[in-house]
Structure formats: structure tokens, C-alpha cells
Amino acid sequence: MCYHTALIAAPKQLSLRFDRKADLIQEFRPSYHVSAFSHAEYPIVTTDEEIQFLRWGLIPFWTDTLEDAIAIRNRTINARSETIFSKPSFREPIRRKRCLVPASGFFDWRHEGEHKVPYYITVHDRPIIAFAGLFDCWHNKELDEYVGTYSIITTRANEMMRYIHNTNFRMPVILRPEDEQRWLDPELSEKEISELLKPYPDKTMAGNIIDNDFIRKSPYDPSILGAAIPG
């Protein structure tokens, strides 16, 4: 799955990378570790001319109460590509509300007996990648405010990720550069969408072992990645 990412890029870099304005995300600080369970504001690219702040863990528009929203968002951090057109939380957003989730890389663990070995995973020559995502907007009636949220789509693991994520054999969908803007096209058919939900070529990726304590460090601590060694 994909619950932990990094985005080591300033708003101006994201603006240049995705050809969008960054006025709304000026408070974003480059982060060496972003946990899905913090539900913090995060830069997301849609068809809008502005990069927007949304929160990780999709809350469907039809969610009723704040209690329901809090309960569902930890279950919608990821969306499985195999069931995305049938799950109630995702079946409308996948057709009309797709987004790009920028990242520098992501984290996963290899299970070796009773031990878990953390890896930081990147793509060669791509300092900022884009995960395939989907988003929705929920109206919190108690506070009369609108909350934008998103999910990252996962697919079957490629060979490298089967070695690292050796329990469920999953990985996030990383879009090829030529597919990023196409992913945002609201007119894509179900078949065309499905064709983009495939594993990224493992030959172009790298997985480096990092220290086990990275989760306990400040997300702005560069030493999280400083100890990375080839896996």
C-alpha cells in the first residue's frame, strides 16, 4: 500500500513542474516524511489553474456526520485499482475527479521474519513524480465548511516492489510523464482510465534502506533520507 511519502519541493518548484499557480500553497514546507494518518494539508494538482491543498484520506461527498467522516478517512487513504469502479467511495471520483499527487518518493517495509526493514523508493531522473489520485469535496454541515480530500491509487507490485512489499505485493500507481495530463482529462472512458492503472517499470526505480526511527523524526529532518543505503 502507500501510507508514507516524501515531497522535497518548494511551492515554486511544484508550480514549474506542473505548470500551475502556487498561490494557495505558499505555506507548504518541503517534507522528508508525510504520513497519511496526519491528514495534513498537501499540494494536489487538478484541472484547476491553482495547485490546491487537500487532505489525505478521501471523505465521499455523501458522508453525513463529522463522526462518519473521521471514521472513513483512514479507510480511504488508498484505492485499489481492481475495485475502484465499484466501491461506493471511489466510483464517482474515479470517473470525474482525478488528480495528481506530487511526491519525491515513498516509503515501504520489507518483512524479514519478525523484523520490518524500511525502504525509501524513488524513480531515476525524476525528482518529482506524480501518483494517480482521486479527490472529493465533503460539506461539514456542523461547521458549514467544505473539506477537500484525496486518495492514492494502488496496483499490483512490479518485480522490485514485490521484493520490498513482500506481504500484499502492492505499489502506488506512478504515472509516466506523458500520461499525467491525460489522467486529468474528465472525458476519459473507463477503459482508458484502467489502461493507466499499471505498475511502473521497476528498471527505472530504486529502493534504499533507511533507519527504522524515521517515523519518530520531524518531517522536516533531512536525516530521514541521509542514511539511505542501496537495498
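Contact here means heavy atoms within 4.5 Å. I start with that because the word is needed for Ile-174, which I come to shortly. The model is a predicted one.

Let me begin with the core. The largest nonpolar core has 57 residues. Those that touch the most other members are Ile-84, Tyr-150, Ile-153, Met-161, Ile-174, Trp-183 and Met-205. Strand S9 gives this core its largest share, 5 residues.

Now take Ile-174 from that list. What is Ile-174 in contact with, leaving aside its neighbours within four places in sequence? The partners are Phe-106, Val-123, Arg-126, Ile-129, Ala-130, Phe-131, Tyr-200 and Met-205. Met-205 also appears among the core residues that touch the most other members.

Apart from this core lies another one, of 9 residues. Its members include Ala-6, Phe-107, Tyr-120 and Phe-214. Please keep Phe-107 and Phe-214 in mind, as that pair comes back under the rings.

On to the aromatic rings. How many aromatic pairs are there? The count is 8. One of them joins Phe-106 and Phe-131: the ring centres are 5.9 Å apart and the planes stand at 75°, so this pair is edge-to-face, the term for planes over 60 degrees apart. Phe-106 belongs to strand S7, residues 105-112, and Phe-131 to strand S9, residues 129-140, so the pair ties together parts 25 residues apart in sequence. Both of these phenylalanines are buried. Both are also on the contact list of Ile-174.

The pair of Phe-107 and Phe-214 is stacked, with 4.6 Å from centre to centre and 10° between the planes. This pair links distant parts of the chain, 107 residues apart. Phe-107 is in strand S7, while Phe-214 is in the loop between strand S12 (205-209) and helix H7 (223-226). Are these two buried or exposed? Phe-107 has 2% relative accessibility and counts as buried. Phe-214 is buried as well, with a relative accessible area of 1%.

Ring pairs also link Phe-28, Tyr-42, Trp-56 and Tyr-150 into a cluster. Tyr-150 is already familiar from the largest nonpolar core.

Two arginines sit over rings. The charged end of Arg-110 is over the ring of Tyr-163, 3.9 Å from the ring centre. Arg-162 lies over the face of Phe-169, and here the distance to the ring centre is 4.1 Å.

Next, the cysteines. How many disulfides does a search of the whole structure find? The result is 0. For Cys-2, the closest cysteine sulfur is that of Cys-99, and it is 13 Å away, so it is too far for a bond, given that a disulfide needs the sulfur atoms within 2.5 Å. Seen from Cys-99, the closest cysteine sulfur is the one in Cys-2. Cys-2 is buried, at a relative accessible area of 0%, and Cys-99 is buried too, at 0%.

Last, two backbone angles. His-39 has a phi near 50°, a positive value in a residue other than glycine. His-39 is in the loop between strand S2 (31-35) and strand S3 (41-44), and counts as buried at 6% relative accessibility. Asp-125 is not a glycine either, and its phi is positive, about 60°. Asp-125 is in the loop between strand S8 (115-123) and S9. Unlike His-39, which is buried, Asp-125 is exposed, with a relative accessible area of 80%.

Methods. Residues numbered from 1 in each chain as written. Predicted model: local features only at pLDDT ≥ 70, side-chain atom pairs only at ≥ 80, totals over all residues. Heavy atoms only, no water. Phe/Tyr/Trp six-rings, centres within 6.5 Å; stacked < 30°, edge-to-face > 60°. Helix = DSSP H or I, 4+ residues; strand = E, 2+ residues; numbered from the N terminus. Buried < 20%, exposed > 50% of the residue type's maximum accessible area, 1.4 Å probe, protein only. Lys NZ or Arg CZ within 6 Å of the ring centre and 35° of its normal. Core = buried A, V, L, I, M, F, W, Y, C linked by side-chain atoms within 4.5 Å.
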